[in-house]
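Here are some exercises to work through at your own pace. Keep the viewer open, try each task, and then compare notes with the solution.

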Amino acid sequence: MQPLAAMTWEEARDAAGPASAAILPVGAIEAHGPHLPLETDVIIAQAMARAGATRLAARGSRVVILPPLTYTTAGFAHGFAGTISLRPETVTATLLDIAGSLTRHGFGMLAIANGHLDPMHLASLEVAVNAIRRELGLTVAFPNLAAKPWALRLSDEFKSGACHAGQFETSIVMAERPELVREAAMAALPGNPVSLSRAIRDGRTSFEEAGGARAYFGFPAQATAEEGRETVEILGAILDESVQAELK
Ligand SMILES: [Zn+2]
């Protein structure tokens, strides 16, 4: 299956239709420890989109993968160099505009493959999803990995909340883009078991305040490409199932 950006407009016209799903990978440009690139969440989102699209296509669904949304709200990481953070209302407006174009051109559904879990970002996506359904009448699948039931399918480290640039995310980058992992730095990193989800509940608003002075949480030194490949399959299954649920 071809990515939308590589299609001609006539190919895109023929790919659209009521039974078609457009998958939007959503990531961020934000600090991910001393061992992972700023685009880590984009890499994760694109892997989720590809694995989900493969499953959907195998069922006979018509799927296109959109270019990723790489800029978003990243307030927790904003103190770290290289992080680019948009205002939440910019993110919501951008998603609404993308969905507006998809609706105009006859795509049947928007599916969001999101790899970035900053709470303000997730909130801006939720606002956008509700507005897209209400104002455009477009079906949207948005499995929020930070919430039930999807979070329960992911690793113990992820569920503990120590889930930023740790074993979970590092494993996926090792599987997808091994050349981007600074392996010597990774192997030397002590574990940081602080739960980001608990820190968020306690009102912290940055990685520094939460106890992540180098912008990572969890156990990056334990990451493996094998775990990353398994996780990508799970993420693909989650996207597939959430699309199926919207089609019913
Ligand atoms: Zn991340």
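**Exercise 1.** Is alanine 215 buried or exposed, and what is its relative accessible area?

*Solution.* Before starting, note that this is a predicted model, in which local features need pLDDT of at least 70, side-chain atom pairs count only at pLDDT 80 or more, and totals for chains, interfaces and linings use all residues. Residues are numbered from 1 along each chain as its sequence is written, and side-chain values use heavy atoms, with hydrogens and water left out.

Step 1: recall the cut-offs, where buried means under 20% relative accessible area, exposed means over 50%, and partly exposed lies in between (1.4 Å probe, protein chains only).
Step 2: alanine 215 has a relative accessible area of 1%, so alanine 215 is buried.
Step 3: look at the backbone, where phi of alanine 215 is near 65 degrees, a positive value in a residue other than glycine.

**Exercise 2.** Find the protein donors of the zinc ion and describe their arrangement.

*Solution.* Step 1: donors are N, O and S atoms within 2.8 Å of the metal (3.2 Å for Na, K and Ca); water is not among the atoms, so sites may look incomplete.
Step 2: His32 contributes NE2, Asp41 an OD atom and Glu169 two OE entries, at 1.9 to 2.5 Å from the zinc ion.
Step 3: along the chain, these donors follow the spacing H-x8-D-x127-E. Aspartate 41 in helix α2 (residues 40-58) and glutamate 169 in helix α6 (residues 167-176) are 128 residues apart, a pair that links distant parts of the chain.
Step 4: the angles run from 54 to 139 degrees, so the arrangement of the four donor atoms is irregular. Four donors count as tetrahedral if all angles lie between 85 and 135 degrees; four count as square planar and six as octahedral if opposite donors are over 155 degrees apart and all others between 65 and 115; anything else is irregular.
Step 5: both aspartate 41 and glutamate 169 are buried.

**Exercise 3.** Locate the cis peptide bond between lysine 148 and proline 149, and say which loop holds proline 149.

*Solution.* Step 1: the bond from lysine 148 to proline 149 has omega near 0 degrees, and it is cis.
Step 2: proline 149 sits in the loop between β4 (139-141) and α5 (156-160). Helices (H or I, at least four residues) and strands (E, at least two) are DSSP runs, numbered from the N terminus.
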